[in-house]
Amino acid sequence: MKSIIRFIPLILFVLLGALLYRGLFLNPQAMPSAMIGKPLPKFELPRVKSEEQLVGRDDLQGNIVLLNVWATWCIQCKYEHPYLLNIAKDERIKLYGLNFTDDRNAALSWLKQYQDPYVFSIFDEQGALGLDIGVFGAPETFVIDHTGIIRKRFAGPINDTVWKREFLPLIETIEAEMAQ
Amino acid sequence: MSSLMMYVPIHINGAALRRLMRFLVSVMLLSAIWLNNVNAGPVDIFQFKDETTKLRFQLLSKELRCPKCQNQNLADSNSKIAVDLRKNLYNLLQEGKSDQEIIDFMVYRYGDFVLYRPQMKKQTLILWFAPLIILLGFIISLVVVLRKRSKVKASELNLSSHEQTNLDDILNKK
């Protein structure tokens, strides 16, 4: 009994050490979105390409909707843009843009210069919709399923590796759910 | 030899050295005071409807954590999201929302990450009570150890009958 008690500090030290050692390999930047599993909130905003016509939640048509948050001030958006053009060709998904706290003219010339992969881009000058879906930067990409529920938020630029690792499995899962 | 010729001793007597030290210490103290007063927060211009709202804004922007930054509150951060959220916090306050409504609003969108003071719920019970449990553990083990120690001393004092009579003799000799 006494020998066990003598070892308690050592045991505690080893446990604490193991805990802290594990902590070394956690990614502090990885942050799950609080919006996963919640419906896409309602909104009424103009499009980048048309000032008068307001669009809302129901205008994001498609079984699997990808909502890509972008802005002209965002350098990594430029990096992922060519890949977005690629994704847009995938017939299983519909890619929409959320132009986040940006300048309309800058956004328009961006779309002209680098081509427009989106069905349309929502123009969120004040960042109201961005705030409602918990955007904290750009680029971010949300996956919304056929029932209008947000299934995923990916923060950072999309490239081939990311697409295959983060998005394709989820798209297949949602397709399987839809088939049921 | 020329190097020896060039050697010029510098004389610092005790009084001069003390004066120099005193000067350096006061410079250090002064700069410490000055640094404490520096408030390196970003500057926004907000017009509050009253003094209470202003105070609540200051408190809430210190309690809420910037979602993008690792360890900065809304008041300290200059990142785009923090600026936007401060503006949003201001709007919510001007609309007359209560503190709890504002916190719920932020948590709904950004999760528990935005709170520096975690809410009391199942997953956070350990956060709230672990220090108390550890403290209790220490107090209990301290009491146990101390008791054992005092018991050991009492048993050491258990004298044999012979020793006891000797002791009595000595005490009664007077």
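In which loop of chain A is Pro139(A) found? In this predicted model, Pro139(A) belongs to the loop that runs between helix 4 (128-132) and strand 6 (140-144) of chain A. The peptide bond that leads into this residue, from Ala138(A) to Pro139(A), is cis, with omega near -5°. Ala138(A), on the other side of that bond, is also listed among the residues that touch the most other members of the largest nonpolar core.

Strand 6 of chain A runs antiparallel to strand 7 (residues 150-155) of chain A, and the two are joined by 5 bridges. Within this pairing, Val143(A) stands opposite Lys152(A), the latter being a residue of strand 7 of chain A. The hairpin formed by strand 6 of chain A and strand 7 of chain A has 5 residues between the strands, and in it Gly148(A) takes a positive phi near 85°.

Positive phi values also occur in chain A at residues other than glycine, including Thr101(A), for which phi is near 40°, and Gln115(A), for which phi is near 75°. Thr101(A) lies in the loop between strand 4 (93-100) and helix 3 (104-114) of chain A, whereas Gln115(A) is placed in the loop between helix 3 and strand 5 (121-124) of chain A. As to their surroundings, Thr101(A) counts as buried because 21 other C-beta atoms lie within 10 Å, where the cut-off for a buried residue is 20 or more. Gln115(A), by contrast, has 12 other C-beta atoms within 10 Å and is therefore exposed, since a residue with 12 or fewer is assigned to that class.

The largest nonpolar core has 52 residues, of which Leu67(A), Trp70(A), Phe100(A), Ala138(A), Leu74(B) and Leu89(B) touch the most other members. Strand 3 (residues 64-70) of chain A provides the largest share of this core, with 6 residues. In soluble globular proteins, nonpolar side chains tend to be buried together. When residues up to four places away in sequence are not counted, Leu67(A) touches Tyr96(A), Leu98(A), Thr141(A), Phe142(A) and Ile144(A).

Chain B contains 7 helices and 0 strands, and its pattern, read along the sequence, is α-α-α-α-α-α-α. The chain is divided into domain 1 (2-37), domain 2 (51-122) and domain 3 (125-172), and the C-alpha centres of domain 2 of chain B and domain 3 of chain B lie 52 Å apart. Of the 174 residues of chain B, 13% count as buried. Among the contacts in chain B between residues at least 6 apart in sequence, 42% join residues that are at least 24 apart.

Between the two chains, 12 residues of chain B are in contact with 12 residues of chain A. On the side of chain B that touches chain A, helix 4 (80-94) and helix 5 (99-110) of chain B each supply at least two residues. Helix 5 of chain B gives the most to this side, contributing 4 residues. By class, the side of chain B that touches chain A is made up of 6 nonpolar, 3 polar and 3 charged residues.

Terms used: Residues are numbered from 1 along each chain as its sequence is written. Chains are lettered from A and ligands numbered from 1 in the order in which they are written. This is a predicted model: local features need pLDDT of at least 70, side-chain atom pairs count only at pLDDT 80 or more; totals for chains, interfaces and linings use all residues. Two residues are in contact if their C-beta atoms, placed from the backbone, lie within 7 Å. Ala, Val, Leu, Ile, Met, Phe, Trp, Tyr, Cys and Pro count as nonpolar, Asp, Glu, Lys and Arg as charged, and the others, Gly among them, as polar. Domain bounds come from an automatic or database domain assignment. Two strands pair if DSSP finds at least two bridges between them. A nonpolar core is a set of buried Ala, Val, Leu, Ile, Met, Phe, Trp, Tyr and Cys residues joined through C-beta atoms within 7 Å.
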